[in-house]
Amino acid sequence: MPKANSTALIAELEGAVKGGSPERRLQMLRQVTDLFLSDADRLNENQVGVFDDVLVLLMERMEARALAQLSTTLCSSQSAPREVVRQLAYHEEAAVAVPVLTKSTRLSEGDLIEIANLRGQQHLLAISNRSALSTGVTDVLLKRGDSNVSHALARNAGARFSESGYATLVDSSEKDSTLAETLGLRLDIPLKVLRELLAKAGAAVRVRLLKAAPPEMRAKIEDAIKSIVEQVAAPPIV
């Protein structure tokens, strides 16, 4: 990190935050962000922590539009300042929170669960589109999310579901054929869940699933349908 540049910027910080114009604060936010990104790959966690403190201070009186731009700028950084990312992710304005909620690796599972419990559907949908999601997170998303969230999760190959999470999706898919087809094509769907899904689905959904299934899924779906048919055809136990 260029010491002279960073020292000069940090020396100006307190005055800019307390008495500077909005334009000056925004300029400094951009300067500090650019300085961080130029050296991000070479910084240790202590150095990142300095940028964290500086940026958090600059964010205090910043408009949502500037914070949204900061969120977009930092969302893909593997070493982005953690507290900055957390404050952006918890922000009530979806435009601010969505970029980091969707992409940032600097958010913990606990952060995601708390945000999913606190915020609205746009925040939940953003979390649903992350590249990887634990069962703890998807349980909350399925509990609080609307149909858009359920569809996003069913499409997300990196989402993992608990037994209760799968049960929620299967129940929702009973009145939503598109969700049923999306869920039925997941490569990781347990056979038991697939059977439950297909048992509740109509014949048309089963046909479409077979038609759309990749080769590695077709046999699994055929076996599940066969099992259901045999179960229905079996004579009752007396």
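Here are three short exercises, with worked solutions, on a predicted model.

**Exercise 1: the core**

Find which residues have the most contacts inside the largest nonpolar core, and which helix gives the most to this core.

*Solution.* Start with the core as a whole: the largest one has 68 residues. Inside it, Leu101, Ile127 and Leu141 have the most contacts. Next, look at the helices: α3 (residues 45-59) gives the most, with seven residues. Now zoom in on Leu141. Leaving out residues up to four places away in sequence, Leu141 touches Ala116, Leu124, Ile127, Ser128, Leu133, Val149 and Leu153.

**Exercise 2: the pocket**

Describe the largest pocket: how much space lies in it, and which helix supplies the largest share of its lining?

*Solution.* First, the space: about 330 Å³. Then count the lining, which has 16 residues. Those nearest the centre of the pocket are Leu26, Leu29, Arg30, Met62 and Ala66. Helices α2 (22-39) and α4 (64-74) each supply at least two lining residues, and the largest share, eight residues, comes from α2. Finally, sort the lining by class: six residues are nonpolar, three polar and seven charged.

**Exercise 3: two sides of a helix**

Work out which residues of helix α14 are buried and which are exposed.

*Solution.* Begin with the cut-off: buried means under 20% relative accessible area, and exposed means over 50%. In α14 (residues 203-212), Val205, Arg206 and Leu209 are buried. These three lie on the same side of α14, because they cover an arc of only 100° around the axis. Now turn to the other side of α14: Ala203, Val207 and Lys211 are exposed there. A general rule helps here: an α-helix has 3.6 residues a turn, so residues three or four places apart point the same way.

Definitions and conventions:
Residues are numbered from 1 along each chain as its sequence is written. This is a predicted model: local features need pLDDT of at least 70, side-chain atom pairs count only at pLDDT 80 or more; totals for chains, interfaces and linings use all residues. Side-chain values use heavy atoms; hydrogens and water are left out. A nonpolar core is a set of buried Ala, Val, Leu, Ile, Met, Phe, Trp, Tyr and Cys residues joined through side-chain atoms within 4.5 Å. Buried means under 20% relative accessible area, exposed over 50%, partly exposed in between (1.4 Å probe, protein chains only). Helices (H or I, at least four residues) and strands (E, at least two) are DSSP runs, numbered from the N terminus. Contact means heavy atoms within 4.5 Å. On a 1 Å grid over the protein atoms alone, a cavity is a set of points where a 1.4 Å probe fits but cannot get out, and a pocket is an open set with protein on both sides within 12 Å along at least five of seven lines; lining residues have an atom within 4 Å of a point. Grid points are joined across faces, edges and corners, and a volume is the space filled by probe spheres set on the points. Ala, Val, Leu, Ile, Met, Phe, Trp, Tyr, Cys and Pro count as nonpolar, Asp, Glu, Lys and Arg as charged, and the others, Gly among them, as polar. The arc is that of the directions from the helix axis to the C-beta atoms.
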